Amino acid sequence: MKELSLNILDIAENSVKAKAPLTQIILTESEDLLTIEIIDNGCGMTSDIVKKVIDPFYTTRTTRKVGLGIPFFKMEAEQTGGTFEIESKAESEFPNDHGTKIKATFHKDHIDFIPLGDVVSTVTTLIQGHPDSDFLFRHVTPKGEVFLDTREIKNELGGVSLAEYEVIKWIEEYIKEQYQSI
Amino acid sequence: MKSLAELQAIKDKMKDKVVLREGSAQKRVVVGMATCGIAAGARPVLNAFVEGVSKEGLSGEVAVTQTGCIGICQYEPVVEVFEAGKEKVTYVKMTAEKAQRVITDHLKGGKVVTEYTIAAYAK
């Protein structure tokens with residue numbers, strides 16, 4: 001991937017596929033580290049499956065026998081000297097507290113660090129494609145914080161779909177303004 | 001600064017439109033957004049369709065949606081156009097610029113952009 005924001009989009013699509021009512025994307029930056037967390041309350045995975053998802057020859061898709069999303073993301077973190085963790089609780093074993101949590105830490109000053117890229121576009125793309133799911137986005141930087149929660153937006157909009165162009169455009173500008181002000 | 005309260009205005013504006021629009025999308029543009037599509041550049045293609053369809057005033061008749069892996073990863077970004085009563089059209093190796101032409105020629109003008117279709121590539 002050319003941008004880490006594309007990995008975030010890819011991984012978050014798994015959360016939506018796992019029927020997560022809420023997917024949280026949390027970026028925490030310090031001077032030299034970037035931590036990306038993607039936390040969902042979807043159906044989760046059993047410990048056997050969790051072990052397999054970091055293997056490129058495991059996939060949920062039926063059209064091909066390889067799944068590269070998670071292996072790519074893990075590799076991109078580790079190639080900067082960073083770390084990758086995945087934890088999951090399957091709905092079958094934890095009916096009241098299930099979901100998947102992925103956490104990757106990147107060293108920003110490493111030569112193999114891939115830039116974060118257009119994370120705003122990732123958030124709007126997720127919302128456009130999955131207007132009935134909820135997303136929480138938080139980007140904490142040393143200078144300030146950017147925040148969006150689609151549940152708050154839905155409260156204001158009543159029944160209007162988040163996939164409407166006017167709404168997507170508003171969300172895009174809302175996040176961009178927050179970035180400009182920090 | 002934007003505030004959440006502004007959404008009230010969008011809500012009021014959309015109310016009439018939504019009623020008009022329900023079930024009226026005759027065409028469906030589906031963009032493949034699995035790992036293969038995303039890595040090949042599907043995100044800007046999707047955004048070009050979302051924006052272009054709205055700007056051309058086609059929101060009432062064209063729905064832009066996302067799907068997973070279509071199974072022809074080597075041709076990504078792949079975009080499928082479904083229209084009631086017609087055969088599915090599969091566009092391959094798409095870009096934001098090509099999307100613009102599909103919107104004007106195909107979605108608006110009704111003429112398939114043959115040179116972007118899989119049939120033109122898979123020779």
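Here are some short exercises on a predicted model with chains A and B, each with a worked solution.

**Exercise 1. Find out how confident the predictor is in chain B and in the model.**

Start with chain B: its pLDDT averages 90. Next, check the spread, where 92% of the residues of chain B score at least 70. Then turn to the model scores, which are ipTM 0.88 and pTM 0.91.

**Exercise 2. Sketch the overall build of chain B.**

Count the elements to begin with: chain B has 5 helices and 4 strands. Now walk along the sequence, and you'll read the pattern α-β-α-α-β-β-β-α-α. For the dimensions, picture a box of roughly 55 × 35 × 20 Å along the principal axes, filled by the C-alpha atoms of chain B. Of the 123 residues in this chain, 37% count as buried. Finally, look at the contacts in chain B with a separation of 6 or more: 69% of them come from residues 24 or more positions apart.

**Exercise 3. Work out how the sheet of chain B is put together.**

Step one is the order: 4 strands make an open sheet, arranged 2-1-3-4, with mixed pairing. Step two is the edges. Strand 2 (62–67) and strand 4 (89–91) of chain B each have a single partner strand, so one side of each has no neighbour in the sheet. Step three is the twist, and here neighbouring strands are turned by 20 degrees against each other on average, direction ignored.

Now zoom in on one pair. Strand 3 (residues 79–83) and strand 4 of chain B run antiparallel, with 3 bridges between them. V81(B) has V89(B), in strand 4 of chain B, as its bridge partner.

What packs on the sheet? Helix 3 of chain B does, touching strand 1 (27–32), strand 2 and strand 3 of chain B. The direction of this helix makes about 160 degrees with that of strand 1 of chain B.

**Exercise 4. Describe how helix 3 and helix 4 of chain B meet.**

Take the geometry to start: the axes of helix 3 (residues 42–55) and helix 4 (residues 96–108) of chain B come within 8 Å and cross at roughly 35 degrees. The crossing of these two helices is right-handed. Then list who meets whom. From helix 3 of chain B come P44(B), V45(B), A48(B), F49(B), G52(B) and V53(B), while helix 4 of chain B brings A96(B), A99(B), Q100(B), I103(B) and L107(B). Sorted by class, the residues of this contact are 9 nonpolar, 2 polar and no charged.

**Exercise 5. Decide whether I103(B) is buried or exposed.**

Locate the residue: I103(B) sits in helix 4 of chain B. Count its surroundings: 22 other C-beta atoms lie within 10 Å. The cut-off for buried is 20 or more, so I103(B) is buried. Leaving aside neighbours within four places in sequence, the contacts of I103(B) are F49(B), G52(B), V53(B), E56(B) and K108(B). Take E56(B): it is 47 residues from I103(B) in sequence, yet their C-alpha atoms are 8.1 Å apart.

**Exercise 6. Map the side of chain A that touches chain B.**

Begin with the counts: 29 residues of chain A contact 26 residues of chain B. The elements of chain A giving two or more residues to this side are helix 1 (4–17), helix 4 (119–129), helix 5 (150–157) and helix 6 (165–181). Helix 6 of chain A gives the most, with 8 residues. By class, this side of chain A holds 12 nonpolar, 7 polar and 10 charged residues.

Technical notes. Residues numbered from 1 in each chain as written. Chains lettered and ligands numbered in written order. Predicted model: local features only at pLDDT ≥ 70, side-chain atom pairs only at ≥ 80, totals over all residues. pLDDT = per-residue confidence, 0-100. Contact = placed C-beta atoms within 7 Å. Nonpolar A, V, L, I, M, F, W, Y, C, P; charged D, E, K, R; others polar. Axes fitted to C-alpha atoms, helices over the stretch in contact; angles between N-to-C directions. Left-handed = near helix turned anticlockwise from the far one by under 90°. Pairing = 2+ DSSP bridges. Buried ≥ 20, exposed ≤ 12 C-beta atoms within 10 Å, placed from the backbone.
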